[in-house]
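Here is a short tour for a reader new to this structure. Look over the sequence and the model, then read on.

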Amino acid sequence: MEFWAMVAHRSDNGIELAREKVGEEFLGPGTVLVKVHYSSANFKDGLAVTEGGGVVRNYPIVPGIDLTGEVVSSEDDHFVPGDLIVAHGYDIGVAHHGGFAEYARVPAEWVVKLDGLTPREAAALGTAGFTAAMSVQELLNRGLTPSDGAVLVTGATGGVGSVAVDILAGLGFEVVASTGKKDAAELLSELGAAEVIGRLPEDPDAALRPLAKARWSAAVDSVGGKSLAYVLSSIAYGGTVAVSGLTGGPDLPATVLPFILRGVALFGIDSVHFPIDQRRDLWTRLGKELKPRHLSAIENLAPVTEAPEVLRAIQAGSHSGRTVLAVAGAF
């Protein structure tokens with residue numbers, strides 16, 4: 001069997017991503033063969049096609065850290081031909097060929113059956129949406145309720161942020177959305193944000209106070225850096241911050257005072273190695289009570305052959321929402 005794939009190769013000009021005809025043997029090991037319907041564009045996919053991106057172990061690689069589709073064959077009794085599935089995280093798209101191809105082969109222990117979501121909806125969520133759900137679930141696990149007060153979401157137009165706004169608003173929380181995109185207020189209000197504010201801190205040149213006025217009961221942060229330090233200083237007593245990104249940089253110029261004087265908790269969110277049983281349970285919830293109400297508002301659809309252009313936009317910071325990459329019929 002031969003099929004089309006978008007394959008990243010290292011060349012004298014750097015990393016080049018282009019369509020290529022490959023055979024089934026190219027896919028490597030795995031127990032579940034999937035006909036891919038959709039993948040999506042993520043920041044990590046952009047790093048996979050960037051020289052020095054630091055996420056790919058060896059080239060050539062088919063990027064696409066998440067994929068949805070239909071089981072063609074399976075050596076595992078938990079899956080049968082025709083099952084609709086999603087797979088993401090682990091080594092997919094970085095050390096194991098990913099979703100930018102008509103077919104993928106993955107271990108059964110990386111695969112989740114879809115329940116309450118179509119393959120396109122699951123791709124619209126993808127890794128970023130799942131990370132948002134993990135972040136919200138961590139806040140809920142800490143006992144957060146809508147009566148506790150406003151919840152902040154930073155990087156609110158990004159994949160994680162936009163889905164987090166939608167989920168939190170759907171659960172009845174008052175959501176404050178922080179973004180640097182001045183034209184995003186209408187979209188964020190449509191997703192359910194009660195208030196839209198600019199990037200934090202408001203004065204990026206001002207010295208950070210170890211403890212600022214408490215403004216929010218909790219936060220979902222995908223920015224990191226100085227913004228996260230400010231957020232931590234502004235969380236109310238006993239509040240929680242779930243952090244999953246570093247678009248603002250990896251440094252954290254904060255003090256321990258929010259933790260020891262206000263009992264603030266900082267939780268790191270990692271969707272890559274999240275255990276499969278918990279992963280399957282959370283995907284089930286994403287198809288039910290955590291299902292975002294406005295996926296179509298944040299979803300952009302493009303053929304997977306346009307992945308190079310989409311990934312460049314993500315890396316340039318000019319991309320908003322979630323771009324679903326249609327694989328079936330794209331080549």
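Over residues 10-325 the chain is 28% helix and 25% strand. The C-alpha atoms at the two ends of that stretch are 23 Å apart. An unreviewed UniProt entry annotates residues 10-325 as "domain: Enoyl reductase (ER)". The model is predicted.

## Salt bridges

A search of the whole structure finds 10 salt bridges. Three of them are set out here.

| Pair | N to O distance | Accessibility of one partner | Accessibility of the other |
|---|---|---|---|
| Asp83 and Lys113 | 3.8 Å | Asp83, 15% | Lys113, 43% |
| Arg120 and Glu299 | 2.8 Å | Arg120, 31% | Glu299, 17% |
| Lys291 and Glu121 | 3.4 Å | Lys291, 28% | Glu121, 24% |

Start with the side chains of Asp83 and Lys113, which meet in a salt bridge. This pair links distant parts of the chain, 30 residues apart. Asp83 sits in the loop between S4 and S5, and Lys113 belongs to strand S7 (residues 111-113). Is Asp83 buried or exposed? Asp83 has 15% relative accessibility, and the cut-off for buried is under 20%, so Asp83 counts as buried. Lys113 is partly exposed.

Next come Arg120 and Glu299, whose closest N and O atoms are 2.8 Å apart. Arg120 lies in helix H2 (residues 119-141) and Glu299 in strand S14 (residues 299-303), so their salt bridge ties together parts that are 179 residues apart in sequence. Arg120 is partly exposed, whereas Glu299 counts as buried.

Helix H2 also holds Glu121. Which residue does Glu121 meet in a salt bridge? The partner is Lys291, at 3.4 Å from N to O. Lys291 lies in the loop between helix H7 (276-286) and helix H8 (295-298), so this pair ties together parts that are 170 residues apart in sequence. Lys291 counts as partly exposed, and Glu121 is partly exposed as well.

## Helix H7 and its two sides

Which residues of H7 are buried? They are Ile276, Arg279, Leu282, Trp283 and Leu286. Seen down the helix axis, the buried residues of H7 fall within an arc of 120°, so they line one face of the helix. What do these buried residues pack against? Their partners are S5, S7, H2 and helix H3 (159-170). The face of H7 turned away from the buried side carries Asp277 and Asp281, which are exposed.

Some of these elements have come up before. S7 holds Lys113 of the first salt bridge, and H2 holds Arg120 of the second.

## A nonpolar patch at the surface

Val256, Ile260 and Leu261 make a nonpolar surface patch of about 310 Å². One of the three, Ile260, is found in helix H6 (residues 257-261). How does Ile260 rank, buried or exposed? Its relative accessibility is 59%, and the cut-off for exposed is over 50%, so Ile260 counts as exposed.

## A buried serine

Ser178 lies in strand S9 (residues 175-178). At 4% relative accessibility, Ser178 counts as buried. Which residues does Ser178 touch, leaving aside those up to four places away in sequence? The contacts are Leu152, Val153, Thr154, Gly155, Ala156, Ile197, Gly198, Arg199 and Leu200. Leu200, one of these contacts, returns in the next part.

## Backbone details

The peptide bond from Leu200 to Pro201 is cis, with omega near -5°. Pro201 is in the loop between strand S10 (195-197) and strand S11 (216-221).

A cis peptide bond also joins Tyr59 and Pro60, where omega is about 5°. Pro60 is found in the loop between helix H1 (43-48) and strand S4 (66-74).

Tyr90 stands out for another backbone angle. Although Tyr90 is not a glycine, its phi is positive, at about 55°. Where is Tyr90 found? It is in the loop between strand S5 (84-88) and strand S6 (103-106). At 14% relative accessibility, Tyr90 counts as buried. S5, at one end of that loop, is among the elements that the buried residues of H7 pack against.

Terms used:
Residues are numbered from 1 along each chain as its sequence is written. This is a predicted model: local features need pLDDT of at least 70, side-chain atom pairs count only at pLDDT 80 or more; totals for chains, interfaces and linings use all residues. Side-chain values use heavy atoms; hydrogens and water are left out. Helices (H or I, at least four residues) and strands (E, at least two) are DSSP runs, numbered from the N terminus. Buried means under 20% relative accessible area, exposed over 50%, partly exposed in between (1.4 Å probe, protein chains only). A salt bridge is a side-chain nitrogen of Lys or Arg within 4 Å of a carboxyl oxygen of Asp or Glu. Patches are made of residues with over 30% relative accessible area and no salt bridge: like charges are joined within 9 Å, nonpolar side chains (Val, Leu, Ile, Met, Phe, Trp, Tyr) within 5 Å. Accessible areas come from the Shrake-Rupley method with a 1.4 Å probe; for residues, only the protein chains shown count as cover. The arc is that of the directions from the helix axis to the C-beta atoms. Contact means heavy atoms within 4.5 Å. UniProt positions are given in the numbering used here, feature names are shortened, and annotations may be inferred rather than shown by experiment.
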